[in-house]
Amino acid sequence: MTAPADLSVAGDPQAAEAGRARFDELIAADSRVEPRDWMPEAYRKTLIRQISQHAHSEIIGMQPESNWITRAPSLKRKAILMAKVQDEAGHGLYLYSAAQTLGISRDEMMAQLIEGRARYSSIFNYPTPTWADMGAIGWLVDGAAICNQVPLCRASYGPYGRAMVRICKEESFHQRQGFEILLELMQGTEAQRQMAQDAVDRWYWPSLMMFGPPDEQSPNSAQSMAWNIKRFSNDDLRQRFVGMLVPQAEVLGVTLPDPNLAWNEAEQRYDMSEIDWTEFEEVLAGRGPANAERLRRRREAHDEGAWVREAAAEYARKQAEQSAAA
Amino acid sequence: MSTPGETGTEPWPLWEVFVRANRGLSHVHVGSLHAPDADMAVRNARDLYTRRNEGVSIWVVPAVAITTSDPDAKGAFFESPAGKNYRHAVYYTKSEGVKHL
C-alpha cells in the first residue's frame, strides 16, 4: 500500500509521457478516466467548465419552479413541486462534487456563479408567469435535459458519468409530473386548455435551444466527442427530442408552435423552422428576461446562508475541541 | 496528496458515504460530500442520497482516512490472480451435463 499518487506529474516528463499513453489507451478502449489518472490539461478544463455549468444550471433551475410552491393548486402538487426542487438541489450537489474531483473548490465555483463569470443553461432565464409553466418545464425542459443527459451517463470521466446515472434516475419523475400537469389542464376548461397551450408556445423553442448551437457552429463538439465526453451531436439530439415530442403532443392535444414541423420520409428526419439563434445569443449574453433576477436571488441566498455555514464550522470546531479535551 | 476533491482550498472536509439498502445487505459506497463534522455529514447524506428510501443505514468516513493501492502500480499489484482461471468454476468443463455440479 502506498499513498495515492500525486495528481500532478508536471515536473516529471517521463511520468507525463506514460500518463498520456495510458490516457489515450483508456479513451481508445472507451473505458473510464478516474480522478487520480493523468489527463490532458484541456480535458480537465473542459470537464470543469461543463460540469460546473451543469451544476449551476441545477441550482439556478430551482428558482423558476420554487416561484410556484406557495401557489400550487393543491397540497399534492405543492408536495410534488417541493420534492422536485429538492431533487434539483441534490443534482447540483452531485455535480459540484464531481467537479471538485478535478481540483476546483466549491467556493471558487460558487464565486464564479454569483459574480457572473460562469454560465448556466439559458433556459432558466425565462419567467414562469402561470401554473401551466410548471407543466411545460417538466415536459419540455426536463425532457430535453434527459435527452442530453442519458448519453452523459457514459461520459469518459468516471465521477461525471456516475453523477449522471443518479440524476437520470430521478429526472424521469420530473418529466412525467410535468406531462401530467399539462394533461390535466388540457382535460379542463377552455381557459385551462389555453393556459397549457400558451405555456407550450413559450417553452417549445427555448427547450430546443437547450441542445446548443447547430453542429457547424459548435466548435468544441468535435473535441468533446473525441474524448468520449459527448456521444451525439447537438443536432442529432435535437432531432431525437422532437421525434419524442410529436406523439406526446398528440396525446396531450397541444400544438407544437412550428408550422413547418413535418416528418421527412426521404431523409428520415423532421423538417422544422429555423431556430432564432439571436434570441439564444442574447439570453446567453445575460440579456434574457430573467438573468439579472436569477443572479440577484442566488447572491442573496448565498449571503443569507453565510451565518449557517459559519455556525456549522464553529460547532464542528468546538465539538473537536471537546473530544480532544475529553 | 490526498483523496480527489480533498484540497487545501475546501473549508470543509470530504466524507465518503456508504448506504445499506436493507438489513442483510452490506453498506455500499454511493458517493461523497463535504460537511463540517461527522453529524452533519450523516444528516446531509440522508438528504442527498436517501430521498427515495434507498437505505436503512448510513456510514460516513472521512476521505483522508482511506488508504488506497497505488493506481499507477495497478498491473503489478494485481498480477497474482491473472492466468489463474482455475480459481473459477467455469474453468472445469469436463463435468458439463452432470446435474447439481
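## A tour of chains A and B

Begin by selecting chain B, where 27% of the 101 residues count as buried; the model is a predicted one, and everything pointed out along the way should be read with that in mind. With chain B still selected, switch on an accessible surface, which for this chain comes to about 6900 Å², with 55% of that area belonging to carbon and sulfur atoms. In a contact map of chain B, restricted to contacts with a separation of 6 or more, residues 24 or more positions apart account for 41%.

Next, change to a cartoon view of chain B, which shows 2 helices and 3 strands, and follow the chain from its N terminus, along which the elements run β-β-α-β-α. Select the strands, which form an open sheet in the order S2-S1-S3 of chain B, with antiparallel pairing. Strand S2 (28–34) and strand S3 (57–62) of chain B are the edge strands, each pairing on one side only, and from one strand to the next the twist averages 30 degrees. Now isolate strand S1 (residues 14–20) of chain B together with S3(B), since this antiparallel pair is joined by 6 bridges. To look at a bridge in particular, pick Arg20(B), whose partner in S3(B) is Ser57(B).

Move on to chain A and select helix H7 (residues 158–186) and helix H8 (residues 190–209), whose axes come within 7 Å and cross at roughly 140 degrees. The angle falls short of the cut-off for roughly antiparallel, which is over 145 degrees, so H7(A) is oblique to H8(A). Displaying side chains here brings up the contact, to which H7(A) contributes Leu182(A), Leu185(A) and Met186(A), while H8(A) contributes Gln192(A), Arg193(A), Met195(A), Ala196(A) and Val200(A). Coloured by residue class, the residues of this contact divide into 6 nonpolar, 1 polar and 1 charged.

The last stops are two loop residues of chain A that a backbone torsion plot would bring to attention. Go to the loop between helix H1 (13–28) and helix H2 (41–60) of chain A and pick Asp30(A), which has a positive phi of about 55 degrees although it is not a glycine. Asp30(A) has a relative accessibility of 36% and therefore counts as partly exposed. Then select Asn228(A), in the loop between helix H9 (221–226) and helix H10 (234–252) of chain A; Asn228(A) is not a glycine either, yet has a positive phi of about 60 degrees. Is Asn228(A) buried or exposed? With a relative accessible area of 14%, Asn228(A) is buried, the cut-off for that class being under 20%.

Terms used
Residues are numbered from 1 along each chain as its sequence is written. Chains are lettered from A and ligands numbered from 1 in the order in which they are written. This is a predicted model: local features need pLDDT of at least 70, side-chain atom pairs count only at pLDDT 80 or more; totals for chains, interfaces and linings use all residues. Side-chain values use heavy atoms; hydrogens and water are left out. Helices (H or I, at least four residues) and strands (E, at least two) are DSSP runs, numbered from the N terminus. Buried means under 20% relative accessible area, exposed over 50%, partly exposed in between (1.4 Å probe, protein chains only). Contact means heavy atoms within 4.5 Å. Accessible areas come from the Shrake-Rupley method with a 1.4 Å probe; for residues, only the protein chains shown count as cover. Axes are lines fitted to C-alpha atoms, for helices over the stretch in contact, and angles run from 0 to 180 degrees between N-to-C directions. Angles under 35 degrees count as roughly parallel, over 145 as roughly antiparallel, 65 to 115 as roughly perpendicular and the rest as oblique. Ala, Val, Leu, Ile, Met, Phe, Trp, Tyr, Cys and Pro count as nonpolar, Asp, Glu, Lys and Arg as charged, and the others, Gly among them, as polar. Two strands pair if DSSP finds at least two bridges between them.
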